[in-house]
Amino acid sequence: MANRKYTFALFILLIFSNTIYSQNNNDIYSVVDHEIIIKDNWAGQSLTLVKEGSNYYIIRKIFGSGVPIVEIIKYNVRFNSDYKITTLDIESIQNNSIENYGLKETFEIYFRNNKIEVYLNGLKIEILE
């Protein structure tokens, strides 16, 4: 009888220790090809981390009210760590409707506690999850 109690206690301890000490394997790479929808007062925007060959890019889509997508901007990215990326310069602009090609916007994307956080020029922006 006492042996069963110890076996049961050991079993419960193993279950909880696995939960407590397990590593969180999710990192920024787990959001590749995951579209992040940005809330704004317009038709909306999205950011998607994509891999093309050995390079990674952020694809930013600016949605329109009369057309589905007004603009697609492709940013080069820098991996600061497995949990943070920062956009660098613009790789390309699809429709060239943005007059200022030298756009100086910086997106920082963090993956923390299984949640995505997005900052534009240092300001946290609200996203849909």
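Visitor: How many helices and strands does the protein have?
Guide: This is a predicted model. Read along the sequence, its elements follow the pattern α-β-β-β-β-β-β-β-β-β. The count is therefore one helix and nine strands.

Visitor: In what order do the strands stand in the sheet?
Guide: Strands of a sheet pair through backbone hydrogen bonds, either parallel or antiparallel. Here the pairing is antiparallel and the sheet is open. Its nine strands run in the order E8-E7-E6-E5-E4-E3-E2-E1-E9.

Visitor: Which strands stand at the edges of that sheet?
Guide: An edge strand here has a single partner strand, so one side of it is left without a neighbour in the sheet. The strands in that position are E8 (123-125) and E9.

Visitor: Which side chains of strand E1 are buried?
Guide: In a regular strand the side chains alternate between the two faces of the sheet. Strand E1 covers residues 35-38 and shows this alternation. Glu35 and Ile37 point to one face and are not buried. Pointing to the other face, and buried, are Ile36 and Ile38.

Visitor: What is the bridge partner of Ile38 in E2?
Guide: E1 pairs with strand E2 (residues 45-52) in the antiparallel sense, over four bridges. In the hairpin of these strands, six residues lie between them, and Gly44 takes a positive phi near 110°. Across the pairing, the partner of Ile38 is Gln45.

Visitor: Which residue of E9 is the bridge partner of Ile37?
Guide: E1 also pairs with strand E9 (residues 127-128), in the antiparallel sense and over two bridges. In E9, the partner of Ile37 is Leu128.

Visitor: Is Ile69 buried, partly exposed or exposed?
Guide: Ile69 is found in strand E4, which spans residues 69-81. Its relative accessible area is 32%. Buried means under 20% and exposed over 50%, so a value in between makes a residue partly exposed. Ile69 is partly exposed.

Visitor: What distance separates the C-alpha atoms of Ile69 and Gln45?
Guide: Ile69 belongs to E4, and Gln45 is in E2. The two residues are 24 residues apart along the chain. Their C-alpha atoms are separated by 8.9 Å.

Visitor: What share of the residues of the protein count as buried?
Guide: The accessible surface of the protein comes to about 9,000 Å², and 52% of it belongs to carbon and sulfur atoms. The protein has 129 residues. Of these, the share that count as buried is 31%.

Terms used:
Residues numbered from 1 in each chain as written. Predicted model: local features only at pLDDT ≥ 70, side-chain atom pairs only at ≥ 80, totals over all residues. Heavy atoms only, no water. Buried < 20%, exposed > 50% of the residue type's maximum accessible area, 1.4 Å probe, protein only. Areas by Shrake-Rupley, 256 points an atom, 1.4 Å probe, with all protein chains shown as cover. Pairing = 2+ DSSP bridges.
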